Amino acid sequence: MTRCTRRALIRGAALAPLAATAADRLTGPAAERYFPGHGSYGHHTTSYDLSLAYDPAAGTLRGRARIRAVAARPLPEVELDLARLTVRSARVDDIEVRTRTKRHKLLLTPPRPLAEGAPFTLDISYGGRPGPVRTPFGAIGWDRTGDAHGGTLVAAQPLGAPSWFPCNDRPDDKAEFVFRVTVPRGHHVLANGALTERSDNGATESWTYHHSGPMAPYLAALYTGRFGNDTWQARDTATGRSITGRNAYPVRLSHRARHDLGRQPAMIEAFTGWFGPYPFETYGAVVVDADLDEPVENQTLPVFGRNHIDGERTWETLVAHELAHQWYGNSVSLRDWRDIWLNEGFATYGEWLWSEHTGEDPADAIARREWARLHRGPQNLRIGDPGQDRIFDDRVYTRGACALHALRLTTGDERFFTLLRGWHHAHRGRSADTPAFLAHAARYTPQTPEPLLHAWLYDKPLPPLPPPRPAAVRP
Ligand SMILES: [Zn+2]
């Protein structure tokens, strides 16, 4: 089973195609990326401040995006990603500017080119009827749940963020976010980070969330509709601090959701021991009133479908998977989608560690079972560079987790968990790639692990798993 493949909803949806643009012809870092039509290397984003008004009856969104950024080179034109929505006006440094669109690119022309290193601000008013965009991975991004309350969700990995706000849609362009969202009174709004303000405007209510992040655009999330919720406390064993969690779900699923999500505090306690301090200010799971193919690890606020909640913890392994992504995938994000095993191999290994911790199958047993399955299947994929249409291939997940288990068997538990914590500590809040992980692993192990990891990541034939050793999950 693949996980975090972003085929948002099972039901059909009106789709707009996403296609590469002239950015495909860029040279340098862009030319080497998996999805060169997405994002720009012309600037780095510092913050997004999104003011949104959503009308669930009409399905329309009015938005204003104030974006702070820094020019990475002299910029005669600022390039953003935006799909399906119409720009009404745009300003660069408070001066109204001409805009043009080219497929799913929004291009703004300032009065004079921006100088390299210059900070600048964009102020963009836009709107329309948001919806999922067609990608090689299905319809992703903003979507309606189809429930009676007109609920919405965002599941944007990897290319769906432009479906609801103008952004620099690169996994390594991370920024601070503010969301100010106005909905009809009685509807709820959930977004990444902490709720800082909720104001009653009469017929409408405005909800403000702040997330210092930093966060890649594809992990930004917004859910509207009607939710029951509960809050809980978890102890970060690495720091001793208390983390406040909040879950939200359809009211009629409250009993099942509280049970199925009920071990998140214990997961955080265990994961902070294995991976290091929890990287963000808050955490919570959202269950939407729709069937999703898979959950999505949106930062601080992953989303699950109602089909993932049955009151029997059948899908708890996915609850562990999405929590592990907060360290590996969200806090330490990808330099490029080519490095996807750093997200999915690690999150899958988080599932196996949780299984071992709870007295279910030990990680070693799961690894040997998955290894046998991989061995029976085709060995024609390099998970360290799987190709852009194979980033969510199941083997990226399971062979990636097997590679980590092989590293654990080679180094022993103490060095292995020190290595895992050190990887997060070294790259927390930033982006990293596979060569950096190979270099990192080499610093933590007495034997050079590079040939071992190289075979797992860059060779097609499946390497053997080292023999088992007495394993004790830490802490
Ligand atoms: Zn995942």
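A charge is taken to sit over a ring if NZ of Lys or CZ of Arg is within 6 Å of the ring centre and within 35 degrees of the ring normal. In this predicted model, where local features need pLDDT of at least 70, side-chain atom pairs count only at pLDDT 80 or more, and totals for chains, interfaces and linings use all residues, the charged end of arginine 170 sits over the ring of tyrosine 41, 3.8 Å from its centre. Side-chain values use heavy atoms, with hydrogens and water left out, and residues are numbered from 1 along each chain as its sequence is written.

Rings of Phe, Tyr and Trp (its six-membered ring) were paired if their centres lie within 6.5 Å, with planes under 30 degrees apart counted as stacked, over 60 as edge-to-face and the rest as tilted; by this rule there are 30 aromatic pairs. The rings of tryptophan 164 and phenylalanine 179 are stacked, because their centres are 6.1 Å apart and their planes lie at 10°. Both tryptophan 164 and phenylalanine 179 are buried (under 20% relative accessible area, against over 50% for exposed and in between for partly exposed, with a 1.4 Å probe and protein chains only). The rings of phenylalanine 346 and phenylalanine 437, with centres 5.4 Å apart and planes at 80°, are therefore edge-to-face. This pair links distant parts of the chain, 91 residues apart, with phenylalanine 346 in helix α5 (residues 341–357) and phenylalanine 437 in helix α9 (residues 434–444), helices being DSSP runs of H or I of at least four residues, and strands runs of E of at least two, numbered from the N terminus. Phenylalanine 346 and phenylalanine 437 are likewise buried.
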